[in-house]
Amino acid sequence: MDKLFQLRKNGVTVRTELMAGLTTFMTMAYIVALNPNLLTNFGAEGGNLWNGVFLATCIASAIGTICMGILANKPFAMAPGMGLNSFFAVVVANLAAMTGMGYLQSFRSALVIIFIEGVIFIILSIFNIREKIVEAIPLGVRLGIGPCIGLMLMNIGFGSNVGVYSETGGPFYAMRDFFGALTASYGKTAMGSGYSVMVLTVITMFVGLFAIVALEHKKVKGSVLYGMLAASVLYWAGQAIFLHTNPFESLKTASFLPPFADMAETTLFKLDFAGFAKIGWFTVITLIITFCIIDMFDTIGTLVGTASRANMLDADGKMPQMKQALLSDAVGTVCGSLTGTSTVTTFVESAAGVEAGGRTGLTAITTGILFLLCIFIAPIAAIIPAAATSSALIYVGILMLSNLKKIDFDDLSQTLPVFIMLIAMPISGSIGHGIGLALICYTVIKLCTGKAKEVSALTYILSLIFLVKFFAAI
């Protein structure tokens with residue numbers, strides 16, 4: 001085990017790696033249910049397709065993550081990317097409207113686009129082109145990606161990770177709506193029955209966060225995981241005592257048998273090239289380029305940012321085995337298209353496992369195996385409250401912000417791009433868009449200060465590509 005994963009060299013034990021893998025899985029287990037919800041309009045397109053996408057999510061996530069552990073020996077996990085899956089669902093709906101195809105055929109046709117994207121990335125990774133793109137990102141921007149992802153994690157933890165619905169509407173989010181709910185003019189009137197759920201959610205989030213901090217202060221191994229478990233128990237108790245609901249009610253009727261027949265019928269190896277041909281080449285090329293740009297920079301940003309937090313970058317800000325990590329990401333995307341899901345990418349939640357001590361591929365393999373097991377234990381994973389995972393995301397986000405100290409604040413060409421990323425990533429919800437704006441900002445500053453020669457040719461090209469992309473979207 002030590003020879004395969006270099007555990008001693010990385011200063012970790014098997015137990016630490018296993019705990020870190022479990023921590024990563026728990027922070028991103030929500031994707032197992034959320035991804036099929038998004039891709040099938042919350043089941044509106046039929047239960048068979050939902051089941052197919054559910055299994056595809058588990059299988060593709062497992063394959064990509066295990067490849068990361070074996071090929072790159074890095075503790076990063078993969079799954080269908082948030083943002084990319086929502087974009088995929090919009091594309092499918094638009095294709096159905098444009099071509100007259102049904103949703104399922106449009107879905108299978110769009111999977112061809114994801115398959116092509118994955119093949120392109122495999123080729124680019126083999127020939128080190130993606131790695132060259134990573135190296136083209138200026139050092140200051142690279143150093144700032146980690147803190148920016150940290151702020152994005154905090155935003156997810158306080159906001160979009162937990163949405164409360166009630167008879168008066170929703171979703172109501174913790175950061176946006178809870179503090180307003182404390183005022184008499186808003187409170188229970190606006191949220192209705194969701195008010196009590198919101199209070200329990202916020203209490204759970206902060207208790208979980210304080211538990212993680214206290215355990216970490218005591219240097220307890222697995223503090224993030226134990227904090228999440230403590231938060232979960234508190235939430236379940238609150239549901240039973242104050243909300244008068246059984247937190248384990250869903251387990252009574254849950255099925256633990258994997259719906260393989262539904263997957264074989266709807267998504268497994270169901271790429272529809274005939275439907276793909278109906279889309280139109282201009283639209284196809286535009287969509288492939290869009291998916292490639294978003295996925296490439298989301299993955300690059302996550303890898304560099306998380307590796308920075310784990311001190312995995314060398315003196316030049318480069319990550320060893322970057323080629324293998326990017327290749328694993330590409331393999332995950334191809335597997336996702338063949339099984340029936342949107343682009344598979346490296347998840348920012350991997351930072352939770354890194355913070356729990358994960359430093360090698362054993363962490364990733366542990367997470368990957370848990371994704372496979374989730375095929376059978378999905379109902380159990382589903383009862384982990386989102387508020388508990390928020391505690392971990394907020395804690396890790398705070399820690400990642402500390403890397404801002406590596407930025408040279410006396411150099412405006414470093415500070416301004418980083419602060420633009422700090423704003424853009426949480427607002428846009430896209431790591432790639434944040435990096436794109438930072439690259440444009442860096443290039444413009446260098447041009448305006450007479451230091452154009454300090455900008456590499458590839459950085460100019462990347463900045464131009466993002467400019468075209470942003471303006472093409474207007």
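This report covers helix packing, helix geometry and a few single residues in a predicted model.

**Helix 3 and its two neighbours**

Helix 3 spans residues 31-39 and packs against helix 4, residues 47-72. Their axes lie 8 Å apart, at an angle of about 135 degrees. That angle makes helix 3 oblique to helix 4. The crossing of the two is right-handed. On the helix 3 side, the contact is made by Ile31, Val32, Ala33, Asn35, Pro36, Asn37 and Leu39. Helix 4 supplies Trp50, Val53, Phe54, Thr57 and Cys58. By class, this contact of helix 3 with helix 4 holds nine nonpolar residues, three polar residues and no charged ones.

Helix 5 (residues 84-99) also packs on helix 3, and the two axes come within 8 Å. They cross at roughly 20 degrees. Helix 3 and helix 5 are therefore roughly parallel to each other. This crossing, too, is right-handed. Helix 3 contributes Ile31, Asn35, Leu38 and Leu39 to the contact. From helix 5 come Asn85, Ser86, Phe88 and Ala89. The contact of helix 3 with helix 5 has five nonpolar, three polar and no charged residues.

Ile31, Asn35 and Leu39 of helix 3 appear in the contact with helix 4, and Ile31, Asn35 and Leu39 also appear in the contact with helix 5. As a general rule, an α-helix has 3.6 residues a turn, so residues three or four places apart point the same way.

**Helices 12 and 21**

Helix 12 has 19 residues, which should span 27 Å at 1.5 Å a residue. Its end C-alpha atoms are 27 Å apart, in agreement with that value. Its buried residues are Ser223, Val224, Leu225, Gly227, Met228, Ala231, Ser232, Tyr235, Trp236, Gly238 and Gln239. What covers the buried residues of helix 12 includes helix 2 (14-28), helix 11 (194-217) and helix 20 (386-401).

Helix 21 runs over residues 412-428 and has 17 residues. From first C-alpha to last it reaches 23 Å, close to the 24 Å expected. Buried residues in helix 21 include Ser413, Gln414, Thr415, Pro417 and Val418. Met421, Leu422, Ala424, Met425 and Pro426 of helix 21 are buried as well.

**Positive phi angles**

Most residues other than glycine have a negative phi. Asn73 and His244 are listed below with a glycine that follows helix 21.

| Residue | Phi | Place |
|---|---|---|
| Asn73 | about 55 degrees | loop between helix 4 and strand 1 (78-80) |
| His244 | about 55 degrees | loop between helix 12 (223-241) and helix 13 (249-253) |
| Gly429 | about 75 degrees | just after helix 21 |

Is Asn73 buried or exposed? At 15% relative accessibility, Asn73 counts as buried. His244, at 67% relative accessibility, counts as exposed.

**Ala325**

Ala325 sits in helix 17, residues 322-339. Its relative accessible area is 0%, so Ala325 is buried. Which residues does Ala325 touch, not counting those up to four places away in sequence? They are Met68, Ala72, Leu303 and Met319. Met68 and Ala72 fall within helix 4, which runs over residues 47-72. Ala325 and Glu131 are 194 residues apart along the chain. Their C-alpha atoms are separated by 9.9 Å.

Technical notes. Residues are numbered from 1 along each chain as its sequence is written. This is a predicted model: local features need pLDDT of at least 70, side-chain atom pairs count only at pLDDT 80 or more; totals for chains, interfaces and linings use all residues. Side-chain values use heavy atoms; hydrogens and water are left out. Axes are lines fitted to C-alpha atoms, for helices over the stretch in contact, and angles run from 0 to 180 degrees between N-to-C directions. Helices (H or I, at least four residues) and strands (E, at least two) are DSSP runs, numbered from the N terminus. Angles under 35 degrees count as roughly parallel, over 145 as roughly antiparallel, 65 to 115 as roughly perpendicular and the rest as oblique. A crossing is left-handed if the near helix is turned anticlockwise from the far one by less than a right angle, and right-handed if clockwise. Contact means heavy atoms within 4.5 Å. Ala, Val, Leu, Ile, Met, Phe, Trp, Tyr, Cys and Pro count as nonpolar, Asp, Glu, Lys and Arg as charged, and the others, Gly among them, as polar. The expected span of a helix is 1.5 Å times one less than its number of residues. Buried means under 20% relative accessible area, exposed over 50%, partly exposed in between (1.4 Å probe, protein chains only).
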